[in-house]
Amino acid sequence: MRLINVATCNLNQWAMDFDCNMKNIKESISKAKEVGAVIRLGPELEITGYGCEDHFLELDTVTHAWECLAELLLGDWTDGILCSFGMPVIKGSERYNCQILCLNRKIVMIRPKMWLANDGNYRELRWFTAWKQKDYLEDFLLPAEVSDALMQTTVPFGYGYVQFLDTAVAAEVCEELFSPMPPHAELTLNGVEVFMNASGSHHQLRKLDLRLRAFIGATHTRGGVYMYSNHQGCDGGRLCYDGCSCVVVNGDVVAQGSQFSLKDVELVVAQIDLDAVASLRGSISSFQEQASCKKKISSVPVPFKLCQSFNLQMSLSSPLKIRYHSPEEEIAFGPSCWLWDYLRRSGASGFLLPLSGGADSSSVAAIVGCMCQLVVQEIENNDEQVKADAIRIGHYTDGQFPTDSKEFAKRIFYTVFMGSENSSEATKARAKVLADEIGSWHLDVSIDGVVSALLSLFQTLTGKRPRYKVDGGSNIENLGLQNIQARIRMVLAFMLASLLPWVHSKSGFYLVLGSSNVDEGLRGYLTKYDCSSADINPIGSISKADLRTFLKWAAIHLGFSSLAEIEAAPPTAELEPIRANYSQLDEVDMGMTYEELSVYGRLHKIFRCGPVSMFKFHCHNQFDGAEQGCGSSNIG
């Protein structure tokens, strides 16, 4: 038997916060050593943070990354454990996204990323160059300060693997796994048994299974150990990274981390017998034949053993049933964790939400309520970092800390019903009931006086006073009167967010939350500078269909029972007068239902259809209109 103990991790890094990132990296290494791991894998670009964007173009960013790496190597962090660290490296005049493989205070190899993520939310080609030389390893001259400190002048740089005395290990970086010809295919034929994939993958609804299937497929027919590490939470940008670091052996998931968590560091450990890999490969005739005529890949020999022989004290990891969240749970937990990260690092004292009593703003309120519940749960689980952040943000004194989610919400969450003469008593009541269930500090404000003042000013300037369509006005007048109300609400929301902390003798400010869903953005059914304009929009990439399903789920599982009534109510902006024979409805205004709009969104985003392709698609009945909408945690 060749027994090996490996550790991967979810890390909650922060772009350009080198001190925070180093703290998390060191904690993950310490935990890995405590459990006897001999390989430790961290996420892509973990030293700098993945979301540095144009800061990657600054030489300071690369310099600081080398300083951090030198600090890790000058200490005992890599003693007896192979560590893979992610950071940018400049070679010649090109900048590369690299994994630095280190062992026993030395750099063993630098592996640049060969296939860069450059679609969807990713723009890696803006900052990095893809490594294209696959035939040999080159010598990389270390920066003078690093070279002097480590007493190491050059290191192997390029595409290859590390050959230990008892196994072979290689890196495969994020996007490379999903390329048409992934590196692991030919590396497997060269005898590599352990693959380390450092990733920066963001959350998308219903997409985790695609990622896991890729890990399973990489080892199911070829054999091998596939380690995967990912960022988790918010690292300063709009993306929500969803963790789920894992270890796969011969097509079976044997260790899996959480997809969503408030923890800064989560270790995922597996104990494996590498002879199981060799046995599977030896039993596949086609594998043997292809390996016998393989293209030789460069390697770096390291005279060190990673494995131990037969040991009754080591319990091998067994295949697990993969854990998946339902889409409703993903909507609840993904944005909740992201909001907590953003709040605790922004300097803000809480959130302010214009709560209309409709489905969209109520969904956002429920997500914040879920966040408060998660914070209290983590404090009960003795997470000292979450506790310290909650005490600071909630302005607790005298040793007090949050023990009840509603009490915590009262300290950090304001909701405001901004009613007008067009608002119904039903939506006003729903907003109040939901606010009470969550525990927010709720305000009820009438904007009629401000609307009247603006209309009087307009009449003084022009001599005309606009009327609603139901009162004989034109479409232009009708739209203008609706926009006035919506934009007043935005201005009032930002004023309250700035001044309410001062009113209650608190420091800081409140972040304004938006509540415009992805379907409305696609259709253009929104007012510029209203609820679509905020500091953060947690539902900006989620469809109305998914939100309505979430509301029904949250009414039961989050304990906000009024959400069931809110979900059942017909969607309305309540920007026009209510008459006996007229009541404004969103779907009537749009000329289509939200279910139909969700289908269009899915066809547009996922299947890349234009209007003609959508028409042909429907003509052939190839799309189930009841299928759920699309969405990713790309926070608006």
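A residue counts as buried when its relative accessible area is under 20%, as exposed when that area is over 50%, and as partly exposed in between. With a relative accessible area of 29%, Asp79 is therefore partly exposed. Keep this scale in mind as you explore the structure above, which is a predicted model.

**The annotated domain**

A good place to get your bearings is the UniProt record. In an unreviewed entry, it places the feature "domain: CN hydrolase" at residues 4-274. Within that span, 22% is helix and 32% is strand, and the C-alpha atoms at its two ends lie 7 Å apart.

**Salt bridges across the chain**

How many salt bridges does the structure hold? The count is 28. Three of them are set out here.

| Salt bridge | Closest N to O distance |
|---|---|
| Glu71 and Lys26 | 2.4 Å |
| Arg105 and Asp79 | 2.9 Å |
| Glu186 and Lys134 | 3.2 Å |

Let us begin with Glu71 and Lys26, whose side chains meet in a salt bridge. This pair links distant parts of the chain, since Glu71 sits in helix α2 and Lys26 in helix α1 (residues 18-34), 45 residues apart. Is each partner buried or partly exposed? Glu71 is partly exposed, at a relative accessible area of 38%, whereas Lys26 is buried, at 18%.

Next comes the salt bridge between Arg105 and Asp79. Arg105 lies in the loop between β4 (94-103) and β5 (106-112), and Asp79 in the loop between α2 and β3 (82-91), so the pair ties together parts that are 26 residues apart in sequence. Arg105 is partly exposed, with a relative accessible area of 34%, and Asp79 is partly exposed too, at 29%.

The third pair is Glu186 with Lys134. Here helix α4 (residues 183-189) holds Glu186, while Lys134 lies in the loop between β5 and β6 (138-141), so parts that are 52 residues apart in sequence are tied together. Lys134 is partly exposed, with a relative accessible area of 27%.

Salt bridges can also share partners: in this way Asp264, Asp341, Arg344, Asp389 and Arg392 are joined into one network.

**A negative patch on the surface**

Which residues gather in a patch of negative charge on the surface? They are Glu58, Asp60, Glu67, Glu145 and Asp148. Two elements, α2 (59-74) and α3 (144-150), give two or more residues to this patch. One of the patch residues, Glu67, lies in helix α2. Glu67 has a relative accessibility of 47%, so it counts as partly exposed. Helix α2 is also where you will find Glu71, the salt-bridge partner of Lys26.

Note on methods:
Residues are numbered from 1 along each chain as its sequence is written. This is a predicted model: local features need pLDDT of at least 70, side-chain atom pairs count only at pLDDT 80 or more; totals for chains, interfaces and linings use all residues. Side-chain values use heavy atoms; hydrogens and water are left out. Patches are made of residues with over 30% relative accessible area and no salt bridge: like charges are joined within 9 Å, nonpolar side chains (Val, Leu, Ile, Met, Phe, Trp, Tyr) within 5 Å. Accessible areas come from the Shrake-Rupley method with a 1.4 Å probe; for residues, only the protein chains shown count as cover. A salt bridge is a side-chain nitrogen of Lys or Arg within 4 Å of a carboxyl oxygen of Asp or Glu. Lys and Arg count as positive and Asp and Glu as negative; His and the chain ends are not counted. The place of a charge is taken as NZ of Lys, CZ of Arg, CG of Asp or CD of Glu. Helices (H or I, at least four residues) and strands (E, at least two) are DSSP runs, numbered from the N terminus. Buried means under 20% relative accessible area, exposed over 50%, partly exposed in between (1.4 Å probe, protein chains only). UniProt positions are given in the numbering used here, feature names are shortened, and annotations may be inferred rather than shown by experiment.
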